[in-house]
Amino acid sequence: GSITKTDPDGFSISGANVKLDAGTDIGAFGNITATLGTLDLTAGATLSTAALSAPGTMTINAPGAINVASAIHSGSATTSDISITSTGATVSTGTVTARRNLSITGVSGIGLGAQTAGASGNGLVTLNNTCLLYTSRCV
């Protein structure tokens with residue numbers, strides 16, 4: 001099933017660690033925040049939210065489109081990596097800040113705001129777009 005909020009009131013989720021697994025969509029949320037540890041979101045189709053934050057590692061996965069309207073921020077721990085992967089569609093975000101390394105994969109496109117990785121900019125930013133366009137479609 002899906003984990004969704006259809007009212008436009010910006011319903012947010014917060015917890016020490018946050019893990020959401022949905023068989024279909026995760027969507028229409030305000031902020032999703034892990035206050036002490038990790039944030040792990042896996043959608044079976046698409047994922048859409050206003051903002052994500054955690055002091056630890058963040059892992060966001062979906063085969064469909066991933067859209068995070070405002071910022072993604074992982075900021076306290078020196079082991080904070082951010083990994084965002086769409087195995088079949090686009091990834092679109094606002095500003096992305098990772099305390100350590102940042103990896104983004106979007107098969108049919110990546111649209112990002114400003115990107116920062118590592119303390120003082122000493123992290124690794126990896127962008128993967130694996131779509132080969134052939135006759136106006138990915139093959």
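**Parallel strands in an open sheet**

In this predicted model, strand S7 (residues 58-62) runs parallel to strand S10 (residues 82-86), and five bridges join the two. Within this pair, Met58 has Ile82 of S10 standing opposite. For orientation, strands of a sheet pair through backbone hydrogen bonds, in either a parallel or an antiparallel fashion.

S7 and S10 belong to a wider arrangement: an open sheet of six strands, ordered S3-S5-S7-S10-S13-S16, with parallel pairing. The edges of this sheet are held by strand S3 (18-22) and strand S16 (125-128); each has a single partner strand, so one side of each is left without a neighbour in the sheet. From one strand to the next, the twist averages 5°.

A look just ahead of S10 brings in Ser80, found in the loop that lies between strand S9 (72-74) and S10. Is Ser80 buried or exposed? Its relative accessible area is 0%, and because buried means under 20%, Ser80 counts as buried. The side chain of Ser80 also reaches the backbone oxygen of Pro55, at 2.4 Å.

Stepping back to the whole protein chain, the model contains 18 strands and zero helices. Of the 139 residues in the chain, 37% are buried. The chain exposes about 6,600 Å², of which carbon and sulfur atoms supply 53%. Turning to contacts between residues at least 6 apart in sequence, 15% of them join residues at least 24 apart.

Notes. Residues are numbered from 1 along each chain as its sequence is written. This is a predicted model: local features need pLDDT of at least 70, side-chain atom pairs count only at pLDDT 80 or more; totals for chains, interfaces and linings use all residues. Side-chain values use heavy atoms; hydrogens and water are left out. Two strands pair if DSSP finds at least two bridges between them. Helices (H or I, at least four residues) and strands (E, at least two) are DSSP runs, numbered from the N terminus. Axes are lines fitted to C-alpha atoms, for helices over the stretch in contact, and angles run from 0 to 180 degrees between N-to-C directions. Buried means under 20% relative accessible area, exposed over 50%, partly exposed in between (1.4 Å probe, protein chains only). Contact means heavy atoms within 4.5 Å. Accessible areas come from the Shrake-Rupley method with a 1.4 Å probe; for residues, only the protein chains shown count as cover. A polar contact is a pair of N or O atoms within 3.5 Å; within protein, one must be able to donate a hydrogen and the other to accept it, and residues adjacent in sequence count only if both atoms are side-chain atoms.
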